[in-house]
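Open the model in your viewer and keep the selection box handy. We'll hop from stop to stop, and at each one I'll tell you what to select and what is there.

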Amino acid sequence: MTDAHTTPHIAEQAGTLLLGGDLRVHRLGFGAMRIVGEGVWGPPRDRDEALAVLRRTVELGIDFIDTADSYGPQISEQLIKEALYPYPEGLVIGTKAGFARTGPAQWHKLGRPEYLKQQVELSLRNLGVERIDLMQLHRIDPEVPLADQLGALVELQREGKIRHIGLSEVSVDELSAARAITPIASVQNRYAPSFRQSEDVLEQCEKDGIAFLPWAPVDRGEMAAPTSPLASIAAEHGISPVQLALAWLLHRSPVMLPIPGTSRVAHLEENTAAATVRLSEDEVERIGRFLS
């Protein structure tokens with residue numbers, strides 16, 4: 001396997017997809033949730049390392065970064081700006097709104113139109129951009145009509161402040177309802193080799209050419225352990241179980257855009273090296289059966 005330490009732009013080997021039909025990005029991105037404090041709250045324990053991780057992402061050829069206003073809150077977006085602004089050409093940043101935070105590990109769905117508009121304005125300021133490439137509704141608030149939630153984003157899109165609209169943690173029916181209101185560029189659901197409850201959503205995204213962003217794509221505890229169910233196959237390739245899990249995701253679907261996150265440069269390099277792993281169709285099927 002190619003070494004991420006010595007190979008620039010290694011993420012390019014993951015291939016590309018078109019996000020929203022006009023933004024071509026490599027299919028291995030970076031999730032910026034873990035660069036903030038414990039409980040996704042407050043500043044990072046090691047600020048210099050967090051900034052180094054972000055700068056290393058672009059060195060490795062990663063050109064899609066996923067964040068959210070609720071990470072910190074706001075701190076993840078601010079760190080991205082501090083580390084990377086002015087942004088390199090071709091870098092696509094997706095963010096999210098729809099959660100209110102009241103403390104570490106505390107998340108409250110909030111989809112009132114005025115709140116969503118306020119959070120988009122804050123994200124524009126925190127990221128230092130005039131238009132957000134991908135604004136995702138972080139969760140559908142059951143207390144607010146979906147048309148009102150997406151309508152707020154559509155209004156901002158018409159004002160030129162949002163380029164594409166995405167969703168997070170939705171069912172096939174919710175995706176269909178959203179698409180009746182506005183085009184949807186991406187869906188971000190939890191998905192991993194050992195967690196595939198969103199299989200039907202992935203298949204719908206593949207059918208309709210919608211990018212699928214699996215969050216928590218690797219369970220480092222289970223997948224990285226010596227007893228990992230992926231350990232034997234990983235050993236055959238001379239890679240770690242984490243890298244094999246990411247490689248399986250990349251092989252699983254052409255619309256898959258994994259966004260593994262980390263607060264350490266070493267883990268970032270390990271994750272990104274998965275872009276070079278090539279699996280046979282038999283291995284992809286075998287891993288899928290093994291973990292189903």
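Start by selecting Glu169, which sits in the loop between strand 9 and helix 5 (172–179); helices (H or I, at least four residues) and strands (E, at least two) are DSSP runs, numbered from the N terminus. Although Glu169 is not a glycine, its phi is positive, about 55°. Most residues other than glycine have a negative phi. Glu169 is partly exposed because its relative accessible area is 28%; buried means under 20%, exposed over 50%, and partly exposed in between (1.4 Å probe, protein chains only).

Before moving on, note that this is a predicted model: local features need pLDDT of at least 70, side-chain atom pairs count only at pLDDT 80 or more, and totals for chains, interfaces and linings use all residues. Residues are numbered from 1 along each chain as its sequence is written, and side-chain values use heavy atoms, with hydrogens and water left out.

Next, pick Ala216, in the loop between strand 11 (211–212) and helix 7. Ala216 is another non-glycine with a positive phi, about 50°. With a relative accessible area of 34%, Ala216 is partly exposed.

Now for two peptide bonds. Select Gly72 and Pro73: the bond joining them is cis, with omega about -10°. Pro73 is in the loop between strand 4 (64–66) and helix 2. Then go to Tyr85 and Pro86, also joined by a cis peptide bond, this time with omega about 0°. Pro86 lies in the loop between helix 2 and strand 5. For context, most peptide bonds are trans.

Select His138 next, in the loop between strand 8 and helix 4. Is His138 buried or exposed? His138 counts as buried, because its relative accessibility is 5%. Show its contacts (heavy atoms within 4.5 Å). Not counting residues up to four places away in sequence, the residues His138 touches include Tyr71, Lys96, Phe99, Trp107 and Ser168.

On to helix 3, residues 113–127. The expected span of a helix is 1.5 Å times one less than its number of residues, so the 15 residues here should span 21 Å, and the end C-alpha atoms are indeed 21 Å apart. Color the buried residues of this helix, among them Tyr115, Leu116, Gln119, Val120 and Asn126. What covers the buried residues of helix 3 includes helix 2 (75–84), strand 5 (92–97), strand 8 (132–137) and helix 4 (146–158). Step past the end of helix 3 and you reach Gly128, whose phi is positive, near 75°.

Helix 9 (residues 241–252) passes the ruler test too: its 12 residues should span 16 Å, and its end C-alpha atoms are 16 Å apart. How many residues of helix 9 are buried? The count is 10 of 12, so helix 9 is mostly covered. Trp248 is one of the buried residues, as are Pro241 and Gln243.

Now zoom in on Thr16, in strand 1 (residues 16–19). Thr16 is partly exposed, at 35% relative accessible area. Leaving aside neighbours within four places in sequence, Thr16 is in contact with Arg24, Val25, His26 and Arg27. The side chains of Thr16 and Arg24 are joined by a polar contact of 2.9 Å; that term means a pair of N or O atoms within 3.5 Å where, within protein, one must be able to donate a hydrogen and the other to accept it, and residues adjacent in sequence count only if both atoms are side-chain atoms. Draw a C-alpha distance from Thr16 to Val255 as well: they are 239 residues apart along the chain and 9.0 Å apart in space.

From there, click on His26 in strand 2 (residues 23–26). His26 counts as buried, at 13% relative accessibility. The His26 side chain reaches the backbone oxygen of Gly61 at 3.0 Å. Among the residues His26 touches are Glu12, Thr16, Asp63 and Leu257.

For the last stop, select Leu28, Gly29, Ile62, Pro260, Leu268, Asn271 and Thr272, which line the largest cavity. On a 1 Å grid over the protein atoms alone, a cavity is a set of points where a 1.4 Å probe fits but cannot get out, and lining residues have an atom within 4 Å of a point. The volume of this cavity is about 30 Å³, counted as the space filled by probe spheres set on the points, with grid points joined across faces, edges and corners.

Notes. On a 1 Å grid over the protein atoms alone, a cavity is a set of points where a 1.4 Å probe fits but cannot get out, and a pocket is an open set with protein on both sides within 12 Å along at least five of seven lines; lining residues have an atom within 4 Å of a point.
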